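I opened this entry to look at how the protein meets its DNA. Then I turned to the fold.

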Amino acid sequence: MPEGPSIIILRELAQELKLEGKKVISAEGNTKIDLERLKGQKLVAFKSWGKHFLICFQDFTIRIHLLMFGSYRFNERKDSPVRLRLSFKGAELNFYTCSVKLLEGNIEDHYNWGGDIMSDEWDAKAAAKKLKSIPDTLVCDALLDQDIFAGVGNIIKNEVLYRVAVDPHSKVGDLPPAKTKQLIKEAQQYSFDFLKWKKENTLKSHWLIHTKKKCPEEHTVHKAYLGNTKRRSFFSTKCQNLYE
DNA sequence: AAGGATGTTGCCTG
DNA sequence: TCAGGCAACATCCT
């Protein structure tokens with residue numbers, strides 16, 4: 001469920017609850033963090049960075065990572081054990097099967113927003129610089145590197161590589177500079193397309209290559225677990241070898 | 001209807 | 001020593 005765009009949706013839903021300035025009435029759940037810290041704390045803001053959802057208080061921030069199976073419900077409950085429940089006057093946030101971490105101090109000291117593909121502050125030039133420093137890395141691994149493209153996940157990886165006609169086996173350093181630039185641009189563009197389609201519930205119908213048997217050109221789609229990350233790659237060797 | 005996946009961490013091994 | 005393997009998490013889709 002959760003690549004960067006899905007976390008934007010989560011953040012927007014939280015922001016719609018208008019809880020900024022309200023105090024935590026109670027905190028429960030089977031998370032290992034100290035729940036006592038949360039009680040009585042005044043919510044400052046909801047933020048996000050890549051796949052991280054951030055609940056910011058005065059002196060610390062709760063970081064939620066949904067990993068592969070995480071889920072959440074606002075103002076309703078699931079049957080399964082809750083990992084973290086935050087109750088405010090008139091609203092309740094429930095998180096399940098997720099990673100919960102407490103980050104001390106000012107959130108600005110923990111994150112560089114320019115690394116988040118979905119951020120207004122996304123820094124494409126910085127991404128280009130990072131890619132330049134790892135020429136032997138496969139592009140399929142580079143796109144999943146959260147230190148370069150925070151928020152990009154496996155679906156985005158596959159769709160971006162198809163759209164820019166780059167084979168996932170390519171080494172970063174073998175791409176012509178214009179192609180690298182296009183790759184970075186498309187990572188951002190497709191992430192926002194993903195967001196729009198996810199909101200419309202039409203994400204899957206827009207997949208060109210991910211989980212497909214045939215690409216839009218009717219070529220065979222290959223499936224392989226590539227690179228250090230060994231995540232599923234779907235690709236058409238006929239469409240994706242163009243380094244012009 | 002069993003098997004795998006939109007993800008990451010951390011332990012174990014060689 | 002450190003990179004790779006792999007389990008864990010527990011749900012939903014095919």
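I began with DNA strand B. Of the 16 residues around this strand, K51, M68, Y225, R231 and R232 come nearest. I kept in mind that the model is predicted.

Which parts of DNA strand B come within 4 Å of the protein? Sugar or phosphate supplies 63% of those atoms, and bases supply the rest.

I then went through the phosphate contacts of DNA strand B. In R232, a polar side-chain atom sits 2.4 Å from a phosphate oxygen of the strand. For K51, I read 2.9 Å between a side-chain N or O atom and a phosphate oxygen of DNA strand B. H65 also reaches a phosphate oxygen of DNA strand B with a side-chain N or O atom, at 3.4 Å.

I checked which elements build the surface near DNA strand B. Helix 4 (154–163) and strand 10 (231–235) each give at least two residues to it. By type, the residues of this surface split into 7 nonpolar, 5 polar and 4 charged.

Next I looked up DNA strand C. Around it I found F69, S80, R83, T97, K204 and K230. Of the atoms of DNA strand C within 4 Å of the protein, 50% belong to sugar and phosphate.

Which distances did I note at the phosphates of DNA strand C? K230 has a polar side-chain atom 3.0 Å from a phosphate oxygen of this strand. The figure for a polar side-chain atom of K204 is 3.4 Å. For S80, a side-chain N or O atom lies 3.5 Å from a phosphate oxygen of DNA strand C. The surface near DNA strand C comprises 1 nonpolar, 2 polar and 3 charged residues.

I moved on to a sheet in the protein. In what order do its 4 strands run? The order is 1-6-7-5, the sheet is open, and the pairing is antiparallel. Strand 1 (26–28) and strand 5 (71–74) are at the edges with a single partner strand each, so one side of each has no neighbour in the sheet. From one strand to the next, the twist averages 10°.

I followed one pairing further. Strand 1 joins strand 6 (residues 84–88) in the antiparallel sense through 3 bridges. E28 has R85 of strand 6 as its bridge partner.

Last, I checked what packs on this sheet. Helix 1 (residues 4–16) lies across strand 5 and strand 7 (91–96). I noted its angle to strand 5 as about 20°.

Definitions and conventions: Residues numbered from 1 in each chain as written. Chains lettered and ligands numbered in written order. Predicted model: local features only at pLDDT ≥ 70, side-chain atom pairs only at ≥ 80, totals over all residues. Heavy atoms only, no water. Near = heavy atom within 4 Å. Polar contact = N/O pair within 3.5 Å; in protein donor to acceptor, adjacent residues only side chain to side chain. Nonpolar A, V, L, I, M, F, W, Y, C, P; charged D, E, K, R; others polar. Pairing = 2+ DSSP bridges. Axes fitted to C-alpha atoms, helices over the stretch in contact; angles between N-to-C directions. Contact = heavy atoms within 4.5 Å.
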